[in-house]
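Work through the exercises below with the structure open beside you. Try each task before reading its solution.

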Amino acid sequence: MNAPKAAPTQGDLRVRRTRKLLWEALLALLAERPLEEITVKDICERAMAHRTTFYKHYEDKYDLLEQGMRQALDALAPPGEEHKPPSAFSIDQPPPYFVRLFEHAARHQQFYALMVCGEGNARFQRLIREKIVAMASSAAAPAGQRHDLALAMHAQYVAGATVSLLAWWLGNDMPLTPRQMAQYLLAPHGSLPTR
């Protein structure tokens, strides 16, 4: 029998709140100017937090950015669903991880627009490609099995195409639904999924 989880302490809640405020301050500042022009002082002023508080949680602004991006992408992790091989999916039944990615981007449009379409997005694009490769690879073969070269190349191809389509989709005011975008990844070139 599992022991009940302890309720978060006031300290835990304070830490989560502080991290949230610092992350939101960084996102707001990124909407105004490039990361290189943003200082830790700017972030702290926007979040109404002391610099010492900032440095208790992060090494520098890049660490804040990296941790925030990773947390955002962790929301895409499959919720324990059984993984299926690529052949199990079709245009009518696209892989759920692709649908989740576009749904997540729609819910967090400002964040994704900044990270995928904005200045200084290389780090986020690398992280999102890694996440897509991991999701596609884990669904393609049983855990613990070595992936062959073709699978590894295909996962990289799909990740690159997904990031490019995501940038296009966000830059064009999301003209298709998240499901339609996931379907398009499986459609023959030039075919649009039905609405």
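**Exercise 1. The fold**

Task: How many helices and how many strands are in the protein?

Solution: Start with the count. This predicted model has 9 helices and 0 strands. Next, read the order from the N terminus: α-α-α-α-α-α-α-α-α. Then turn to the contacts between residues at least 6 apart in sequence. Of these, 62% join residues at least 24 apart.

**Exercise 2. Inside and surface**

Task: What percentage of the residues count as buried, and which atoms supply 54% of the exposed area?

Solution: Take the inside first. The chain has 195 residues, and 39% of them count as buried. Now the surface. About 11,900 Å² is exposed. Carbon and sulfur atoms supply 54% of that area.

**Exercise 3. Two methionines**

Task: Find Met48 and Met174. Is Met48 buried or exposed? What counts for Met174?

Solution: Begin with the backbone. Met48 is not a glycine, yet its phi is positive, about 55°. Met174 is not a glycine either, and its phi is positive too, about 50°.

Next, place them. Met48 sits in the loop between α2 (40–47) and α3 (51–57). Met174 belongs to the loop between α8 (149–171) and α9 (178–186).

Last, check accessibility. Met48 has a relative accessible area of 78%, so this residue is exposed; the cut-off is over 50%. Met174 has 22% relative accessibility and therefore counts as partly exposed. Buried would require under 20%.

**Exercise 4. Asp60 and its surroundings**

Task: Where does Asp60 lie, and which backbone nitrogen lies 3.1 Å from a polar atom of its side chain?

Solution: Locate the residue. Asp60 is in the loop between α3 and α4 (61–74). Its relative accessible area is 29%, so Asp60 is partly exposed. Now look at the side chain. A polar atom of the Asp60 side chain lies 3.1 Å from the backbone nitrogen of Tyr62. Finally, look back along the chain. Thr39 is 21 residues away from Asp60, and their C-alpha atoms are 9.1 Å apart.

**Exercise 5. The largest pocket**

Task: Which helix gives the largest share of the lining of the largest pocket?

Solution: First, the space: about 460 Å³. Second, the lining: 16 residues, with Trp23, Leu27, Gly68, Gln71 and Ala72 nearest the centre of the pocket. Third, the sources. α1 (10–30), α4 and α6 (109–117) each supply at least two lining residues. The largest share comes from α1, with 6 residues. Fourth, the chemistry: 6 lining residues are nonpolar, 6 polar and 4 charged.

Conventions: Residues numbered from 1 in each chain as written. Predicted model: local features only at pLDDT ≥ 70, side-chain atom pairs only at ≥ 80, totals over all residues. Heavy atoms only, no water. Helix = DSSP H or I, 4+ residues; strand = E, 2+ residues; numbered from the N terminus. Buried < 20%, exposed > 50% of the residue type's maximum accessible area, 1.4 Å probe, protein only. Polar contact = N/O pair within 3.5 Å; in protein donor to acceptor, adjacent residues only side chain to side chain. Contact = heavy atoms within 4.5 Å. Areas by Shrake-Rupley, 256 points an atom, 1.4 Å probe, with all protein chains shown as cover. 1 Å grid on protein atoms, 1.4 Å probe; cavity = no way out; pocket = protein on both sides within 12 Å on 5 of 7 lines; lining within 4 Å. Points joined across faces, edges and corners; volume = space filled by probe spheres on them. Nonpolar A, V, L, I, M, F, W, Y, C, P; charged D, E, K, R; others polar.
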